[in-house]
Amino acid sequence: MVRDAQPPSQERRRGASLGLPAEGPGSLAPFGTRVGAYLVDAIGSGLVAVAVFGPGRSYWTLLTFAVVTVVTLVAFGQTPGMRLLSLRLAHPRQGERLAPWRAVVRTALLCLLVPALLVDADGRGLHDRLTDTAVVRER
């Protein structure tokens, strides 16, 4: 069955409610790219945990992931995976550094994984909605 195409004025643009552009720098990052950044960070954290704590201690990987994520988000506004894939975390107030509490809460929820999979109409995960942040394209 073929559905009638709706006129462009009827489409809800991702990021419109946040005041973000539809495309290009500053627009919301696609889900697949965000997952890719997460995987880069998770694998990197696993390698660091094995190098520091030795093999067979995989439970340290989650702690390593959390520490690296919080420190890099507060210091640089992006994790190593986000940097590699040209993403950054948009702060609710432009030009300001991310508050440590936002980074801690966002990372704690991300470690649970489920909040990241519960997305709103804009495609932001619950962890971003609760901390008033968004992952956006850098270029």
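Q: At 1.5 Å a residue, what should the 23 residues of α1 span, and how far apart are its end C-alpha atoms?
A: This is a predicted model. The 23 residues of α1, at 1.5 Å a residue, should span 33 Å. The computed distance agrees with that expectation. The end C-alpha atoms of α1 are 32 Å apart.

Q: Which residues of α1 are buried?
A: Buried means under 20% relative accessible area. The buried residues of α1 pack against α2, α3, β1 and β2. In α1, the buried residues are Arg34, Ala37, Asp41, Ser45, Gly46 and Ala49.

Q: Which glycine follows α1, and what is its phi?
A: The residue after α1 is glycine 54. Its phi is positive. The value for glycine 54 is near 90 degrees.

Q: How many helices and strands are in the protein chain, and in what order do the elements run?
A: The protein chain has 6 helices and 2 strands. Read from the N terminus on, the order is α-α-α-β-α-α-α-β.

Q: What span should the 18 residues of helix α2 have, and how far apart are its end C-alpha atoms?
A: Helix α2 covers residues 59-76. At 1.5 Å a residue, its 18 residues should span 26 Å. The model agrees, with the end C-alpha atoms of α2 apart by 26 Å.

Q: Which elements are included in what covers the buried residues of α2?
A: The buried residues of α2 are Thr64, Phe65, Thr69, Val70, Thr72, Leu73 and Val74. Their cover includes α1 (31-53), α3 (80-84), β1 (87-90) and α4 (100-112).

Q: Which residue follows α2, and what is its phi?
A: Helix α2 is followed by glycine 77. The phi of glycine 77 is positive, near 80 degrees.

Q: Where is serine 86 found, and is serine 86 buried or exposed?
A: Serine 86 has a positive phi, near 60 degrees, in a residue other than glycine. It is found in the loop between α3 and β1. Its relative accessible area is 13%. With buried set at under 20%, serine 86 is buried.

Q: How far apart should the ends of α4 be at 1.5 Å a residue, and how far apart are its end C-alpha atoms?
A: Helix α4 has 13 residues, which should span 18 Å at 1.5 Å a residue. The model agrees with this. The end C-alpha atoms of α4 are 19 Å apart.

Q: What arc around the axis do the buried residues of α4 cover?
A: In α4, the buried residues are Arg102, Ala103, Arg106, Thr107, Leu109 and Leu110. Their arc puts them on the same side of α4. On the other side of α4, Pro100 and Leu112 are exposed. The arc of the buried residues is only 165 degrees.

Q: Which residue follows α4, and what is its phi?
A: The residue that follows α4 is leucine 113. Its phi is positive. For leucine 113 the value is near 70 degrees.

Q: Which residue forms a salt bridge with aspartate 128?
A: The structure holds 1 salt bridge. It links distant parts of the chain, 22 residues apart, with aspartate 128 in helix α6 and its partner in helix α4. The closest N and O atoms are 2.6 Å apart. The partner of aspartate 128 is arginine 106.

Q: Are aspartate 128 and arginine 106 buried or exposed?
A: Aspartate 128 has 2% relative accessibility. Arginine 106 has a relative accessible area of 3%. The limit for buried is under 20%, so aspartate 128 counts as buried, and arginine 106 is also buried.

Q: Which side chains make a polar contact with the side chain of threonine 133?
A: Threonine 133 lies in the loop between α6 and β2. At 2% relative accessibility, threonine 133 counts as buried. One polar contact of its side chain, at 2.8 Å, is with the side chain of aspartate 128. Another, at 3.0 Å, is with the side chain of threonine 131.

Q: Where is aspartate 132 found, and what is its relative accessibility?
A: Aspartate 132 is found in the loop between α6 (126-131) and β2 (134-137). Its phi is positive, about 55 degrees, although it is not a glycine. Aspartate 132 counts as partly exposed, at a relative accessibility of 42%.

Technical notes:
Residues are numbered from 1 along each chain as its sequence is written. Side-chain values use heavy atoms; hydrogens and water are left out. Helices (H or I, at least four residues) and strands (E, at least two) are DSSP runs, numbered from the N terminus. The expected span of a helix is 1.5 Å times one less than its number of residues. Buried means under 20% relative accessible area, exposed over 50%, partly exposed in between (1.4 Å probe, protein chains only). Contact means heavy atoms within 4.5 Å. A polar contact is a pair of N or O atoms within 3.5 Å; within protein, one must be able to donate a hydrogen and the other to accept it, and residues adjacent in sequence count only if both atoms are side-chain atoms. A salt bridge is a side-chain nitrogen of Lys or Arg within 4 Å of a carboxyl oxygen of Asp or Glu. The arc is that of the directions from the helix axis to the C-beta atoms.
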